[in-house]
Each structure stands twice: as structure tokens, then as C-alpha cells.
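Colleague: I should like to learn how to read a structural model of this kind. May we proceed feature by feature?

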Amino acid sequence: MATFSTLAMRMLTRNLFPSTIKRVFGMAAPQLMKVFVTRRIPQEGFELLKQSGICDVQQWDSDEPVPREELLKGISGAHGVLCLLSEKIDKEVLDTAGNSLKVISTFSVGYDHLAIEEIKKRGIRVGYTPDVLTDATAELTVALLLATARRLPEAVETVKNSEWTTWKPLHLCGYGLSNSTVGVVGLGRIGLAIARRLKPFGVRKFLYTGQQPKPEIAAEIEGQFVPINQLAEESDFVILSCALTPQTQGLFNKQLFAKMKKTAVFINSSRGAVVNQEDLYHALSTGQIAAAGLDVTDPEPLPLNHPLLSLKNCVILPHIGSATYATRTTMSILTARNLLAGLTGQEMPSELQL
Amino acid sequence: MWGRLRSGLTKAHVSEFRTWAKLETMQRVMQELPRVYVTRRVPPAGMKILKQSGMCHIEQWDSDDPVPRQELFKRVSGIDGLFCVLTEKIDAELLDAAGPKLKVVSTMSVGYDHLSLDELRKRGIRVGYTPDVLTNAVAELTISLLLATSRRIVEAADEAKNGGWGTWRTMWLCGYELSHSTVGILGLGRIGVAIAERLKPFGVRKFIYTDAGPRPELANKVEAEYVSLDILAKESDFLIVCCALTAETQEICNSSMFSKMKNTAIFINTSRGGVVNQDDLYKALSSGQIAGAGLDVTVPEPLPTSHPLFKLKNCTILPHIASATYSTRNAMSALAANNVLAALKDEAMPKELKL
């Protein structure tokens, strides 16, 4: 009789998830790993976590960032955390998490919010989202460059303020890409994707700078490796596309702005802290450079009374580089898969080499 | 001493007389020179060419605003050449006012819907315009507008200024990307091809186009497939209008077309406002029949700020700035000037519109 009921029990419960078994029958189920998700993320990724059957998912189910205390509570004893770039995963967070933490999966390609040394020390694996967001981010950077160079937000304001009276030959003239020199600071995946999109606009020359030349990558756009000073002097369009590191922190400052052309357009879609914002304000307001477009600032959001927001020749976007429906959905799936792989000791689709 | 003074004075008189005579001669010569009227303050490159030619007497409405119609009628009387911009209607009435000496109308634009071609042809007046020199700038602005619309640039810039920008959020201000999309071009001419060439590296999967008939030479440059207007509407993720305004294309973009489009589609017009039925566009945008629209041209221009299209977050309107780069506007001005001078000399014009 006992055997029969055990067999029946097995047959009945075969298709139920471990968590359901545990709940319905009060039986001990395979130990679920604790996962903390720090924000509401696109459904596709979240479903992957829930349906995996290996984790017990806790979530800060909001569009706003998780407050620090809630983050510390949620991460305590967690095996895995799925976070956004708004969470600083530093020593305190890692200590609070404890020894169980095996994987951090970030919903971004940037990882300047992660204390990499501390993470490495503890043998924690990190997943991130390169490649899947390259197209959307390169596209947004070009959108920002064109909006800045061709003065689109200014033009829209003019119309709304009833200043558009008629077609005028010299009204709202901007700077075109035809026959220009474009300088890319940091010719990585995104930098190359940006340059590739600019090529058919008639760019005459591509320059790039970084830690070392990348001839194989640069060949596609016939890019010339130059020191940063030369890039600043010769470029009609300067585009920042590098990671934020101790070496690039505050890289673009008054020294470099002073070398740039008066007609130059400056674009940053990498990280805000690569630019000295006070120096940028000075360069823009004194006509040292023609215009700037920023998708990233320091801090984010930029306070409403920040002087850069008052300049007609400065376009500021609220960090929307990868913001397309398709890309954010793909990022959520990749982030979930990175996390699950980290929990089960398998190969991650995109692991950050520490 | 008095003798020397008297001869000095005489010399001065003579020299003054000679200068005065020269001036008189010059004035007479100038008055015999062909007369050119320039209807606006135009970029310096063109004025320089006209002045340095020494070939014509130039009068100009030296203002950033259009010359009033009545004033224009007065000023064109008896002229040989007219250098105009697209705000002047060159019709029978105006041509009558100008009189029989008028041999050339040179417009600083590639569009010529403001010119009565029949009337010009009847009177044997030659027409110059400015194709090619503005193709790059216009294609560039069209793509700027497309990206501004699909990636919600203006909306986003506003959020950064009005306090809407909180912290990074996963689905906030998401737009539609060009990767794997189908781009449809209504009117595949020079500008249409230039647009397609620039969109290619954004990962567009397919280019389709419609036109009065297939245009294989142009289409092959960008591997675009010829389709009907219906198919263009149904299949395009991005529909870009690049055709001239003619009787056939007047309001070709109307409710019939919009109703066939995808509700994720982006509609862009940098050709002429008259190609679009603006009421139908408003309905399509406000009901979610299409996702967004970007317009560089409207009816009228300027569009009154009370127009309902301005109320829509998913509609971006620019004040007709497609060719507005310093180098392009100067090139247009120079070309229009050279067109005038060539016609005055009865020579081949750099860019003549075949009537």
C-alpha cells in the first residue's frame, strides 16, 4: 500500500514545479536558489527566471530604483542578483550578500557600477550585455549627432514659439557631415558601429584614439590612429565611445576643448564622467566649440538648474542609448540567461572576463 | 604764385570733371546693362558672383523676410533676370508685370511648384534651379528627422529639462530601431537614393519604393524593389516621402494610405507639404494607426501654432530646414547666380529646368 501511494504521488507530482510541490504537499523539494531582481524588467526575461524551476525570485517590482536598505535586505543570502546600472554593487552590498552570492548579472554593457576588484576576490561571476545593444546605441548616437549638428531641438522650439515666419536662406543653418573629419574616442564595438553608419554621409576622414591601435577593426572605415590631441585639433565631429575607467575619468577637459575647432560638434554617449562638465559649459558658452550632444551626464539625472541645460547649443538626452523595444527585450532575455548560467555553473552567453 | 594756384585749381577742376564724366558714363552703362532682381537677402556666395560679373545691374529686396507681392510687382517691371526663392509665386500675373524683357527665372531651390511652368514656356523664359548641390544636406536632414521621430529625441530632450528624467528605467522612452526593418520610399529620385544609401548601414533589411513607374537605374544603386503604393503602405516600417509635388502626388498620403500602414510605422515627409492630407495624418497619429510622424514641410508654411498636429507628442515638425547648412545654402546661391548669368549671355546654364 505504501509503495502504491508513493508511486501515485510520483505520477501526480511529476509535472509540477518543485516550488509547487513544496507548497502543495509540504514536502522538501530541491533547494531553490535565492535570486534578487532589483527592478521591474521586460516580461520575457522575468518569465525565463520564473519558469527555470531553479530559483526563488524576489523582485523590487517598480520602475523606480530600489532604495539602498531594500537592496541590502533583498540581497542578503542571495545566490544571484540581477541589477541595473543604477545600483552600486560595492563592498557593503557584497558583504551583506554573504558567501552564497555566485553571480551578478547586470542589465547593461557598462560595468562601472560594479566593484570589480571586490567581486573578483570573492570568485563571483559577472554577466553583462555587450553586442545586443550595439545597434540601438550606435543608432542613438548618430541620432544625437544629427540632432545636434542640424539643430533639431532648437528648430522645434522656434516653431513652437511662433518664431517660424517663412523660409529663410540662412535661418537655422547647421554643420553637415559631407567632407568632414570624424574623430572617435574609443573604437570598440559601439565606436565602430557609429563610424560605419556615418560613412555614407560623405565623411572624408575617420580618426580614432585609445590605448593602442586596432588596425583590423579600423580597416573597415579606413580609420587612422592618432594621439588624442591631434584628434581634438582636426575633428569636425568628436564622438566619445570609450568605457569609463580611472584612465578616462575627466578625460575631456578644458585643455582638449581649447584645441578643438570653433565649428566642431562634440558628442558623448559613453559615460558622463569622461567629460569635465564645467569645462564643457565654458567651451560651449564662449564659442570655443559649436555645439554638444550628451546622452550621458554626471550625475544622472542632471539637476534641472544645471547650466548645460540652459544652452541652446547643447542637446541633452536622458540616457536612452539602448532604448528600443526590441533591444531592451533582448537585453532582458540575455540578462536572465546569464544569471541562470551563473547559478548552475554553466557557460554564460556573455560573461565579463574579470 | 597766383598763376600757379590758378593752374592748380584748373587741374583740380579738370580732374573733377573727368571723374564726374566717368561716373555719368558708368551710370549710363549700368542702366543699359541687363537688370536682375533678387527677391531676398541670399547667402553671400551668390551675390558675390553677380556683383563681380560686372554684367548686370542688380536690385535686391535685402531682407530675411519675403518681398510683399505688390512691391515685387513694381520691382520686376522691365527686368531681364529674376533670382527668386520658393516663397514667390511666379505666375501669369507676375510675369505680365515683369514684361517681355524677362528671359530667365532662377530659383534657389530644387522644387519648382511655385513656378507656373506653362506660362514660362509660353513666353520662352528659361528656368534655372538647384538640384544636386542640396541632395546631401536634404538626405542628411531627412535621416535626422527620421531618427528624431523613431527614437523620440525631442520628447526625450524635453524630459531632461522638465523634471521627467528620474533614473535609468528599462522601458522608458523606448523607440523603434532601423535594424531588420523595411524602409519604403515614395518617389525614388536623387534625394530618395541618397537617403537609402545612408540608411543601409543601420541594418535595414529591405528597401522598397513606389513611383509613377519603375526606375531601375536608380533602384539598382540601393537594391530597392518596385511596389505599388498599397504594398508600400502595408510593408514599410519607415515610410519616407521624397517625391515632387504635382497634380498626381497632391494629397497622395491620405486616410486610404494611413489606414493600410502598420501601427508601429514611422512616416517622414521632407518633400512638399501638399503631398499629405494633414487632417488625415492627425487622425492616424492620434488614433494610433501609425506610431509617429516627422515633417519638415507643411501646408501652409509656417504652420500656425494652433494646428492640432502640434499637440501630438508623436509628431515632430521642423520649419523647412532640409537644405540648411552653411555650405549648401551658399552653393545653392552660387548656382542660382550662375544660372542667371549664363542665361543673360544666352549660354548653357549649369542647371536648367527642361520645360
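The dialogue below takes up the overall form, the chain contact, one helix and one residue.

Modeller: This is a predicted model, in which local features need pLDDT of at least 70 and side-chain atom pairs count only at pLDDT 80 or more, while totals for chains, interfaces and linings use all residues. Residues are numbered from 1 along each chain as its sequence is written, chains are lettered from A and ligands numbered from 1 in the order in which they are written, and side-chain values use heavy atoms, without hydrogens and water.

Colleague: How many helices and strands are there in chain B?

Modeller: Helices (H or I, at least four residues) and strands (E, at least two) are DSSP runs, numbered from the N terminus. Chain B has 13 helices and 12 strands. Its radius of gyration, taken over C-alpha atoms, is 26 Å, well over the 20 Å that the globule rule gives for 355 residues, so chain B is more spread out than a compact globule. That rule is 2.2 Å times the number of residues to the power 0.38. The C-alpha trace of chain B spans about 100 × 50 × 35 Å along its principal axes.

Colleague: What percentage of the residues in chain B is buried?

Modeller: Buried means under 20% relative accessible area, with a 1.4 Å probe and protein chains only. Of the 355 residues in chain B, 54% are buried.

Colleague: How many residues does each chain bring to the contact between chain A and chain B?

Modeller: Contact means heavy atoms within 4.5 Å. Chain A contributes 64 residues and chain B 67 residues. Buried area is the accessible area (1.4 Å probe) that two parts lose on being put together, summed over both. Here it is about 6,200 Å², and carbon and sulfur atoms give 66% of it. A:Arg150, A:Trp164 and A:Trp167 supply 15% of the area that chain A buries against chain B, more than any other three residues.

Colleague: Is helix α9 (residues 189–198) of chain A mostly covered or mostly open?

Modeller: It is mostly covered, with 8 of its 10 residues buried. Among the buried residues of α9(A) are A:Ile190, A:Leu192 and A:Arg197. Their cover includes α7 (134–149) and β6 (181–185) of chain A together with α8 (190–199) of chain B.

Colleague: Where does B:Thr130 lie, and why does B:Thr130 count as buried?

Modeller: B:Thr130 lies in the loop between β5 (126–128) and α6 (135–150) of chain B. It counts as buried because its relative accessibility is 0%. Neighbours within four places in sequence aside, its contacts include B:Thr107, B:Met108 and B:Leu335.

Key:
Buried means under 20% relative accessible area, exposed over 50%, partly exposed in between (1.4 Å probe, protein chains only).
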